[in-house]
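Welcome! Here is a short guided tour for someone meeting this structure for the first time.

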Amino acid sequence: MRIAILGAGSLGTIVGAYLSDGGMDVELIDTYQEHVEALNQHGAKVVGTTDFIAPVKAITPQQKSGTYDLVLLLTKQLYNGAVLEELLPFLHKDSVVCSLQNGIPEQSVAAVVGEHRVIAGSVEFGATFMEPGVSKLTTAYTQFKKYAFQIGELNGAMTERIQQIKTVLDHVGGTHVSDNLVGTKWSKLLINNAFSGLSAALNGEYGHILDDETGIVSAVHIADETIKVGHANGIHFATMGGFDIASLELHSSDDIPERVHTLRTMMEPSRLLKASMLQDLEKQRKTEIQYINGVVPQHAAGTGIATPFNDLVVKLVQAAEARQDVPDFAENIQLFQRLIEAESVK
């Protein structure tokens, strides 16, 4: 099987190292020339909760050749249009594209490469890019080897090809096949919307949201909007760690205190996290906000469901992008407070 890792950044470097070490025919594809050169000269080095290095083959996108049997898609969704169009000549009729991106990219990926080629994937480990050729594994190594990926057919079927891809990815870490991977990705989207989105919109760590009454109530509303829109689109939210994510839906304003308590308990271990979208703003880069919080209003179109909290997150992050600056917590939290007050009188 000939494999391409399209977007060999922090995650892709680690995946490429372990696939190559496992004897797989794999190419790491990335636009960062210095990174590609370092990978070819010194191998892919993984530090952090492990210390590992493996020789790999890395190329830039312009150096692609032949066709790939499996493409692991790890680029940012911002670039999907161009990236996938450029990929088409390197796919054959039975090629598989496994979307391992944040958010819910599968339908947009399928629109370019064909639905029959797409399987859904979810990365279950964390990583940080350190320098060209070096990536830091931030998840405990034992956990990484036990639970690195979830993958699944879009229709939930258990197919021969999904089992083959599981066998490939098991060289990296524990890979689990799901019959509701789309539901898993929506459940993760909900957490990203509520906390990564607010982290970026407010310029704070998750703990700042948890500790601020307006912040945590806004997170509750964001979660509620995501659930209502998901249900309207036929999504069955998957449980996370045994927790029924769909139970966060609001049925009346009386539910808010209980949902606040649940989210605070659930997210307490993550209080030191800072959203990657906020890190993008700090580096004056465009974020994936349209593919995180922006997914909810997009999927709400035609349903009659209002999404004011997700809309506000998108507006504030896009404003910060335009200014090439980070948001002001004190200023923006007031906007969420006004929105909460407006919703309470409806």
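## Before we start

Two strands count as paired if DSSP finds at least two bridges between them. Helices (H or I, at least four residues) and strands (E, at least two) are DSSP runs, numbered from the N terminus. This is a predicted model, in which local features need pLDDT of at least 70 and side-chain atom pairs count only at pLDDT 80 or more, while totals for chains, interfaces and linings use all residues. Residues are numbered from 1 along each chain as its sequence is written, and side-chain values use heavy atoms, with hydrogens and water left out.

## The four-stranded sheet

Let us begin with an open sheet of 4 strands, in the order 4-3-10-9 and with mixed pairing. Strand 4 (52-54) and strand 9 (127-131) each have a single partner strand, so one side of each is left without a neighbour in the sheet. On average, neighbouring strands here are turned by 25 degrees against each other, direction ignored.

Inside this sheet, strand 3 (residues 44-48) and strand 10 (residues 134-137) run parallel, joined by 4 bridges. Val 47 has Lys 136 of strand 10 as its bridge partner.

## The eight-stranded sheet

Another open sheet has 8 strands in the order 5-2-1-6-7-8-11-12, again with mixed pairing. Its edges are strand 5 (57-59) and strand 12 (175-177), which each pair on one side only. Strand 1 (residues 2-6) pairs with strand 2 (residues 25-29) in the parallel sense over 5 bridges, and Ala 4 is matched with Glu 27 in strand 2.

Helices pack here too; contact means heavy atoms within 4.5 Å. Angles run from 0 to 180 degrees between N-to-C directions, and axes are lines fitted to C-alpha atoms, for helices over the stretch in contact. Helix 4 (residues 106-113) touches strand 6 (68-73), strand 7 (91-99) and strand 8 (118-123), and its direction makes about 145 degrees with that of strand 8. Helix 6 (residues 160-169) lies across several strands, among them strand 1 and strand 12, and runs at about 165 degrees to strand 11 (149-153).

## Two buried residues

Which residues does Val 26 touch, beyond those up to four places away in sequence? They are Ile 3, Ile 5, Gly 16, Leu 19, Ser 20 and Lys 57. Val 26 lies in strand 2 and is buried, with a relative accessible area of 6%. Buried means under 20% relative accessible area, exposed over 50%, and partly exposed in between (1.4 Å probe, protein chains only).

Thr 13 sits in helix 1 (residues 10-21) and is buried, at a relative accessible area of 0%. Its contacts, leaving out residues up to four places away in sequence, include Leu 28, His 35 and Ala 44.

## A pair of helices

Helix 7 (residues 181-202) packs against helix 13 (residues 308-323) at an angle of about 35 degrees, with axes 9 Å apart. On the helix 7 side the contact includes Asn 193 and Leu 198, and on the helix 13 side it includes Val 313 and Leu 316.

Thr 184 is also found in helix 7. Thr 184 is buried, with a relative accessible area of 7%, and, neighbours within four places in sequence aside, is in contact with Gln 150, Ser 178 and Ala 238.
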